[in-house]
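The following paragraphs lead through one protein model, from its overall architecture to individual side chains. Please keep the sequence and the structure in view while reading.

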Amino acid sequence: MERGDRIGRAAGYAAAAALVPYLVIKVSWVVGSSLGLLPVGRGFSLGGWLALNTVTIGMAAAGITLGLALVRPWGTRIPGRLVGFIGWVGSGFLVSILPFVVISSLVNSDAHTGSSGGSASSGGDGAMPGWEAMLLQCSFVGTGIALAIALPAYLRRRWPHALRRPERPPTSPGPLWPAVTGAVTGLVWLYWAAGGPLGIAHRDERPADWHVLVGVSACWALAAAAVPALVRRRPARLPYPLLLALAWLGSGSMFAWSGWRLPATVYVALARPSDVSYPENVALAVTLHLMAVLTGAGIMRTLVRDRSGLSVPDAAEDPAERVDGRR
């Protein structure tokens, strides 16, 4: 076993282990809130709070299973499209957010806030202890870094041909609309991150972390929108693994994060709760999140097909995975 593969396997175990504290905390929130021992998050009813955290428990369990599937022999027996989809969404959530964590920490440090920045405030009602907020953030960061190492190693081991530049150019350029909608979404987000007032309903509710998060989301959207054209028009000048990484993370970020925010934004738009509001105009925010979800799916669909050489066959179709005799 080569060194890179050993590191990738160790990272898979680390990704699963890093999510365990997050899972334990979320379970404690559900149990504690059900028994009246812990407060309900600001803006939530008891039912909504339990439903939200039950969903995140399921997501954490899926993340732990993914980390182990990237390492254990049984992971190669899972249908390839299922592993690819979960890995794509998981890295879209956790790997793409790493620049935000770094930049936000620097911004909050420069502002001398004396707190943990966005991590503590994400608890909703401010009642989350500092150690708990730090543990949650460490789970996110640790899993994101580990997935960034483990997932490419797994893909290289199971589908080595998928990470190589195709010998022949794609026969069809693919649809143009994902590049257009991705660019539009990214430019609007970039405009907001720079402080643009159009489309902003509550100008005073834009903390520094909000600007950083929207700016990072904009960069991923613009990168993902540009990659299909770069693959077709400049195939010899740009590192192919870099293009694949940008497309994978950018489209995954748009699909995962906007897919997560879309239901909450729709709820705010319809229910108009008095204690929750977004800086953006909610109708425009819903439109952009919907565009981002469709764009992310469209870009990945284009890249998965033979047009770019990134094919993801099922387990039964790929002889590369049978090299390992442990099956």
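The protein contains ten helices and zero strands, so that its pattern along the sequence reads α-α-α-α-α-α-α-α-α-α. The model is a predicted one. Of the 327 residues in the protein, 43% are buried. Among contacts with a separation of 6 or more, 79% are between residues 24 or more positions apart. The protein exposes about 16,300 Å², of which carbon and sulfur atoms supply 67%.

The interior may be considered next. The largest nonpolar core has 28 residues, and those that touch the most other members are L70, F93, F100, L147, Y154 and W248. At least two residues of this core are supplied by each of α1, α3, α4 (98-110), α6 (130-158), α8 (208-233) and α9. Helix α6 provides the largest share, six residues. In soluble globular proteins, nonpolar side chains tend to be buried together.

L147 is one of the core residues that touch the most other members. Leaving out residues up to four places away in sequence, L147 touches A15, L66, L70, G90, S91, L94, V95 and P152. Within this list, G90, S91 and L94 are also among the buried residues of α3.

Helix α3 itself spans residues 80-94. The helix has 15 residues and reaches 21 Å from its first C-alpha to its last, close to the 21 Å expected at 1.5 Å a residue. How much of α3 is covered? The helix is mostly covered, with eleven of its 15 residues buried. These buried positions are G80, V83, G84, G87, W88, V89, G90, S91, G92, F93 and L94. F93 thus appears in the buried set of α3 and among the core residues that touch the most other members.

F93 also leads to helix α9 (residues 240-271), where W260 is found. Apart from its neighbours within four places in sequence, W260 is in contact with L52, V55, T56, M59 and F93. W260 is partly exposed, because its relative accessible area of 30% falls between the limits of 20% for buried and 50% for exposed residues. The C-alpha atoms of W260 and V293 are separated by 9.5 Å, although these residues are 33 residues apart along the chain.

T265 lies in helix α9 as well. Is T265 buried or exposed? T265 is buried, because its relative accessible area is 3%, under the 20% limit. Not counting residues up to four places away in sequence, T265 touches Y278, V282, A285, V286 and H289.

Charged pairs form another part of the picture. The count of salt bridges comes to two. In one of them, R9 pairs with D5, and the closest N and O atoms are 3.1 Å apart. Both residues lie in helix α1, four residues apart, which is about one turn of the helix. An α-helix has 3.6 residues a turn, so residues three or four places apart point the same way. R9 counts as buried at 10% relative accessibility, and D5 is buried with a relative accessible area of 12%.

Which side chain meets that of D5 in the other salt bridge? The partner is R157, at 2.5 Å from N to O. D5 lies in helix α1 and R157 in helix α6, so this pair ties together parts that are 152 residues apart in sequence. R157 is partly exposed, with a relative accessible area of 24%. Through shared partners, the salt bridges join D5, R9 and R157 into one network.

The surface completes the account. V27, V31, L35, L37 and L38 form a nonpolar patch there, with about 460 Å² of accessible area together. One of these residues, L35, lies in the loop between α1 (3-34) and α2 (46-69). L35 counts as exposed because its relative accessible area of 61% is over the 50% limit.

Several elements recur in this description. Helix α6 supplies the largest share of the core and also holds R157, the partner of D5 in helix α1. Helix α9 is among the contributors to the core, and contains both the partly exposed W260 and the buried T265.

How values were computed. Residues numbered from 1 in each chain as written. Predicted model: local features only at pLDDT ≥ 70, side-chain atom pairs only at ≥ 80, totals over all residues. Heavy atoms only, no water. Buried < 20%, exposed > 50% of the residue type's maximum accessible area, 1.4 Å probe, protein only. Contact = heavy atoms within 4.5 Å. Areas by Shrake-Rupley, 256 points an atom, 1.4 Å probe, with all protein chains shown as cover. Expected span 1.5 Å × (residues − 1). Patch = residues over 30% accessible without salt bridge, like charges linked within 9 Å, V, L, I, M, F, W, Y side chains within 5 Å. Salt bridge = Lys/Arg side-chain N within 4 Å of Asp/Glu carboxyl O. Core = buried A, V, L, I, M, F, W, Y, C linked by side-chain atoms within 4.5 Å.
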